[in-house]
Amino acid sequence: MERNGAPLVLFLSLVTLAGVSSQPIADNQRVFSIAVSRVQHLHLLAQALFLDFEGSLQMEDQRQLNKIFLQDFCNSDYIISPLDKHETQRSSVLKLLSISYRLVESWEFPSHSLSGGSSPRNQVPSKLSELKMGILLLIRANQDGAEMFSDSSPLQLAPYGNYYQSVADDESLKRTYELLACFKKDMHKVETYLTVAKCRLSPEANCTL
């Protein structure tokens, strides 16, 4: 299903249909379903990468790193997003899509440090790029006369904790932990936002988180 760019082609064809079909809501739902499926896969992969790394640590290292992470911020926290589930539910579809786009975009550069080793790890950058393209297509399909989402330039966020500099082993553990924990956190956010946005297209659905 992931071969030969077929999912991306499907994204493009479905969004084109959404502009001309007599049933744009149904077409949008299909595109959203693909996007939600993609981010769910990325979220599960992020959880697996984090748990694998955490499981390789000594118990005391796990405790200390968790304590430090609770006091730190992820780079993507600079992206303004809903503070809680109630604000998420009140946000418009276009706002949720735009925030999701920015969150995914913020990982395009740091995600390359997740590559290496297993095949799933190496798929992260390409899957993020495909998800970003799908979200952008959804934004364009759901503007409905709203202000044009034209700022497609990459976010200028610094690399995670100067991750690529040479550091001592203890600091390297902290940075890797932070990178994986933030990736997991942000994929969960995007999954939540896309799921709520998709639900909004079903008037009879209960979108309670």
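In which helix is Phe32 found? In this predicted model, the residue belongs to helix H2. Its relative accessibility is 0%, so Phe32 counts as buried. Beyond its neighbours within four places in sequence, Phe32 is in contact with Val93, Leu97, Leu138, Asn142, Leu194, Ala197, Lys198 and Leu201. One of these partners, Leu138, is separated from Phe32 by 106 residues in sequence, while the two C-alpha atoms are 7.6 Å apart in space.

The protein that holds this residue has 209 residues, of which 44% count as buried. Its secondary structure consists of eight helices and zero strands, and the order of elements from the N terminus is accordingly α-α-α-α-α-α-α-α. Of the contacts between residues at least 6 apart in sequence, 77% join residues that are at least 24 apart.

Confidence varies along the chain. The average pLDDT of the protein is 76, and 69% of the residues score at least 70. Among the elements, the lowest mean pLDDT, 49, is that of helix H1, which covers residues 6-20. The highest, 93, is that of helix H5, which covers residues 93-105. Residues 14-22 form a stretch in which pLDDT stays under 50, and the model gives this stretch 12 contacts beyond four places in sequence. Residues 147-159 also have a pLDDT below 50; for this stretch the model has 23 contacts beyond near neighbours in sequence.

The largest nonpolar core comprises 46 residues. Within this core, the residues that touch the most other members are Leu97, Leu128, Leu131, Ile135, Phe183 and Leu194. Two or more residues of the core are supplied by each of helix H2 (24-55), helix H3 (59-71), H5, helix H7 (124-141) and helix H8 (169-200). The largest share is that of H8, with 12 residues. The surroundings of Leu128 can be described in detail: apart from neighbours within four places in sequence, Leu128 is in contact with Leu42, Val104, Trp107, Ser111, Phe183 and Met187. Two of the core residues named above, Leu97 and Leu194, are among the contacts of Phe32.

Two further positions were examined, one in helix H7 and one in helix H6. Gly134 lies in helix H7 and, with a relative accessibility of 1%, counts as buried. Gly134 and Arg38 are 96 residues apart in sequence, and their C-alpha atoms are 9.6 Å apart in space. Arg121 is placed in helix H6, which spans residues 119-122. Is Arg121 buried or partly exposed? The relative accessible area of Arg121 is 23%, so this residue is partly exposed; the limit for a buried residue is under 20%. Between the C-alpha atoms of Arg121 and Leu45 the separation is 8.0 Å, although their positions lie 76 residues apart along the chain.

A search of the whole structure returned one disulfide. This bond joins Cys74 to Cys182, with an S to S distance of 2.1 Å. The pair connects distant parts of the chain, 108 residues apart: Cys74 is in the loop between H3 and helix H4 (85-90), whereas Cys182 is in helix H8. Why is the disulfide of Cys74 and Cys182 left-handed? The torsion about its S-S bond is about -95°, and the disulfide is therefore left-handed. Both cysteines are shielded: Cys74 has a relative accessible area of 2% and is buried, and Cys182, with a relative accessible area of 0%, is buried as well.

Among interactions that involve aromatic rings, the search of the whole structure found two aromatic pairs. In addition, Lys184 lies over the face of Phe50, at a distance of 5.0 Å from the ring centre.

Conventions
Residues numbered from 1 in each chain as written. Predicted model: local features only at pLDDT ≥ 70, side-chain atom pairs only at ≥ 80, totals over all residues. Heavy atoms only, no water. pLDDT = per-residue confidence, 0-100. Helix = DSSP H or I, 4+ residues; strand = E, 2+ residues; numbered from the N terminus. Contact = heavy atoms within 4.5 Å. Core = buried A, V, L, I, M, F, W, Y, C linked by side-chain atoms within 4.5 Å. Buried < 20%, exposed > 50% of the residue type's maximum accessible area, 1.4 Å probe, protein only. Disulfide = S-S within 2.5 Å. Phe/Tyr/Trp six-rings, centres within 6.5 Å; stacked < 30°, edge-to-face > 60°. Lys NZ or Arg CZ within 6 Å of the ring centre and 35° of its normal.
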